[in-house]
Amino acid sequence: MPDISLIDAHCHLDFPAFDADRDQVLQRAREQHIQHIVIPGTQAPFWPRITQLCEQHTHLHACYGLHPYWSTQHREQDLESLKDYLDTHPAVAIGECGLDFRPQQAATEQDRQRQLAFFEAQLALAQTTGLPLVIHAVHATEVVIQTIKSYPGIHGMIHSYSGSLEQAKQLIDLGFCISISGAMTRENAKKIRQVVQAIPLEKLLLETDAPDQPDDKHRGQRNEPAFLLNTLMAVAELRKESAEQIARQASENARRLFKLTC
Ligand SMILES: [Zn+2]
């Protein structure tokens, strides 16, 4: 497929899961037409490893943020550090931030309030910096919608979207793109597939969320950016549009959102 070029809008390439063979992973990504990869931040101590990777490779792009999955690890002062880090390091977005209300992540009201406090502080930071947001919304799409309504003017993406079509429409109206991961390739992913079919192509992004969430063909394996092509093909089949057209528009959407110049 010589005409295709893709952007992996969300990949944790800095994770130790890639330490042993990161160069080969990047090589395979290039062979599979992945032109750019956006790397979200998760915890303050690990931001520098993203910085280092992005300094080594001009097609990798950094985001910095405090991920809700590790909210008990974050310290209050990490928010101040985030502000400083964004002032002194190039970044294409703030994130990964958001809410993860799976029972094991948010067992108590206190857990939920702690996640919300970190999330809202990052929304406020997006308001003042003008940077887009990379938002994680798991078992919490409705609360995410209600929360971002309190921060007018923000924009960004909802990564590995798992909400309903109705919620996706609301998020699009609030200035957000809907990012589709390999989860949609699973036969039972009815809700996501409905979203993929119905949202405007101008609001759709493609991501792997590697090393997590492999597509159906790679179930049980470590995910990697080279697998993004499978999600593209599944989206094309569902929407009855050409893979080239979807790749072109999704890449343009990512370029516009993250202000990628090349
Ligand atoms: Zn992620």
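**Exercise 1.** In this predicted model, find which residues of α7 meet Val235, Leu238 and Arg239 in α8, then work out how the two helices are oriented.

*Solution.* Start with the residues: on the α7 side they are Arg193, Val196 and Gln197. Sort everyone in this α7 and α8 contact by class and you get three nonpolar, one polar and two charged residues. Now for the axes. Helix α7 covers residues 190-198 and helix α8 covers residues 228-239; their axes come within 9 Å and cross at roughly 70°. Angles from 65 to 115 degrees count as roughly perpendicular, so α7 and α8 are roughly perpendicular to each other.

**Exercise 2.** Do the same for α5 and α6: at roughly what angle do their axes cross?

*Solution.* Look at residues 141-148 for α5 and 165-173 for α6: the axes come within 11 Å and cross at roughly 20°. Anything under 35 degrees counts as roughly parallel, which means α5 is roughly parallel to α6. The crossing of α5 past α6 is left-handed. Who makes the contact? From α5 it's Thr141, Glu142 and Ile145, and from α6 it's Gln167, Gln170 and Leu171. By class, that's two nonpolar, three polar and one charged.

**Exercise 3.** Which residues touch the most other members of the largest nonpolar core?

*Solution.* This core has 74 residues, and the two to pick out are Cys63 and Ile178. Next, check the helices: α9, residues 243-258, gives the most to the core, with six residues. Finally, zoom in on Cys63. Leaving out residues up to four places away in sequence, its contacts include Val38, Ile39, Ala91, Val92, Ile94 and Val134. Glu96 is also among the residues that Cys63 touches.

How values were computed:
Residues are numbered from 1 along each chain as its sequence is written. This is a predicted model: local features need pLDDT of at least 70, side-chain atom pairs count only at pLDDT 80 or more; totals for chains, interfaces and linings use all residues. Axes are lines fitted to C-alpha atoms, for helices over the stretch in contact, and angles run from 0 to 180 degrees between N-to-C directions. Helices (H or I, at least four residues) and strands (E, at least two) are DSSP runs, numbered from the N terminus. Angles under 35 degrees count as roughly parallel, over 145 as roughly antiparallel, 65 to 115 as roughly perpendicular and the rest as oblique. A crossing is left-handed if the near helix is turned anticlockwise from the far one by less than a right angle, and right-handed if clockwise. Two residues are in contact if their C-beta atoms, placed from the backbone, lie within 7 Å. Ala, Val, Leu, Ile, Met, Phe, Trp, Tyr, Cys and Pro count as nonpolar, Asp, Glu, Lys and Arg as charged, and the others, Gly among them, as polar. A nonpolar core is a set of buried Ala, Val, Leu, Ile, Met, Phe, Trp, Tyr and Cys residues joined through C-beta atoms within 7 Å. A residue is buried if 20 or more other C-beta atoms lie within 10 Å of its own, exposed if 12 or fewer, and partly exposed in between; C-beta atoms are placed from the backbone.
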